[in-house]
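Trainee: Could you take me closely through one part of this model, the side of one chain that touches the other? I would like to see how that side is built and how it fits into the rest of its chain.

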Amino acid sequence: MAKKVTVVEEILSENDRAALTNRAQLNDAGLFGLNLMASPGAGKTSVIMATIQALGDKLRIGYIDGDLASSIDVDKVAELGVPAVQINTGGLCHLDAFMMQGALPQLSLSELDLLVVENVGNLVCPSGFRLGIHRNVLIASVPEGDDKPYKYPAMYLGVDVMLLNKMDVIEAFDFDMEYFKRGVEILNPGLAFFPVSCKTGEGLDNWLAWVRSEVAAFKEGIVAVYEPR
Amino acid sequence: MHELPITQNILQIALRHAGDAKRITRINLVIGDLSAVIGDSVQFYWDIISKGTIAEGATLHFERIRACFHCNDCENAFEPDGRKFECPQCGSDQVNLVSGREFQLESIEVE
């Protein structure tokens, strides 16, 4: 005789629990973290390197990179004198909380102020897997086009701050800023938004000021609350 | 390509709730369209990883939930057309996403 058993559980609840553990580990170490997500080539590594170059003498920064294969990004960032850990996902399209559990012990967490995690370049999958990192950052870029909020709404829904990179080439693209911003605003009202260019440095000051204020707020004990689904 | 870990999670949750059942015959999933999960792909992995467990051969049932907005100005409920999110009835941008992000294992059927 068949019997129905009510479950009602989030399919990714195991990952969410691991993310909570990661968050607690970072909080205990007094370490504030950013999870950078973007499509491939939007400029994640460029933003990270510009951030390290500008803030490296004010904050102790650590770096974790997720890529399908290679250590190209880790090698670049390590050259700036920052402790860097590579996660190769072996074909998987995103980082998850369990991969973070493997990577975090490779850094001296309590000796850092800011952890920057570079997720796998992908606008779909990383949005579904929480890492337990304090803030989710989306780096959009002008050449991707102004319709990305409409095509990848889940990514735009789940982030705490957004950069729009490659502003230096906006004249060459038919990028309708109002259309782009309208979509973002409906999905994620009041989202902090910084148009930047890593090439020219335009707008980076605003982003850097945001990072410093978030780290300072965290240090003062205004710990970002972990949101359950 | 993330259906494998998702399918593993589905199996783990189902087994945890099966109690002393001999077989799991059906698994009911509620998946919003914004979850970016492909049912066929989950089924493909399911057939492989459920082998040898009490859930082997169980039917996976996907209840798909459309992405739906609600307009705060005219109370219209609508599915976005993929090009804009404004209300198609009154043009307002005071709209909220009300469904489409579901990603749950709702129930299992056991013998």
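Mentor: In this predicted model, 30 residues of chain B are in contact with 28 residues of chain A. On the side of chain B that touches chain A, at least two residues are supplied by each of helix H1 (3–17), strand S5 and strand S6 (103–110) of chain B. The most is given by S6(B), which brings eight residues to that side. Sorted by character, the residues of chain B on this side comprise 14 that are nonpolar, nine that are polar and seven that are charged.

The part played by S6(B) can be followed into the backbone pairing, for strand S1 (residues 3–10) of chain A pairs with S6(B) in the antiparallel sense, over six bridges. Within this pairing, Lys4(A) is found opposite Glu109(B), a residue of S6(B).

Turning to S5(B), which also supplies residues to the side that touches chain A, we find this strand in an open sheet of three strands in chain B, ordered S4-S3-S5, with antiparallel pairing. Strand S4 (77–78) and strand S5 (95–99) of chain B are the edge strands of that sheet, each of them pairing on one side only. Strand S3 (residues 68–71) of chain B is joined to S4(B) over two bridges in the antiparallel sense, and here Phe69(B) stands opposite Phe78(B) of S4(B).

These elements belong to a chain B that has two helices and six strands, arranged along the sequence in the pattern α-β-α-β-β-β-β-β. The C-alpha trace of chain B spans about 55 × 25 × 15 Å along its principal axes, and its radius of gyration is 18 Å, whereas a compact globule of 111 residues would have one near 13 Å. Of the 111 residues in chain B, 32% are buried. Among the contacts in chain B with a separation of 6 or more, 72% are between residues 24 or more positions apart.

On the chain A side of the model, one further element may be set beside this description, namely helix H2 (residues 44–55) of chain A, whose twelve residues reach 16 Å from the first C-alpha to the last, close to the 16 Å expected at 1.5 Å a residue. The buried residues of H2(A) include Lys44(A) and Thr45(A), and also Val47(A), Ile48(A), Met49(A), Ala50(A) and Thr51(A).

Key. Residues numbered from 1 in each chain as written. Chains lettered and ligands numbered in written order. Predicted model: local features only at pLDDT ≥ 70, side-chain atom pairs only at ≥ 80, totals over all residues. Pairing = 2+ DSSP bridges. Helix = DSSP H or I, 4+ residues; strand = E, 2+ residues; numbered from the N terminus. Rg over C-alpha atoms; globule rule 2.2 N^0.38 Å. Buried ≥ 20, exposed ≤ 12 C-beta atoms within 10 Å, placed from the backbone. Contact = placed C-beta atoms within 7 Å. Expected span 1.5 Å × (residues − 1). Nonpolar A, V, L, I, M, F, W, Y, C, P; charged D, E, K, R; others polar.
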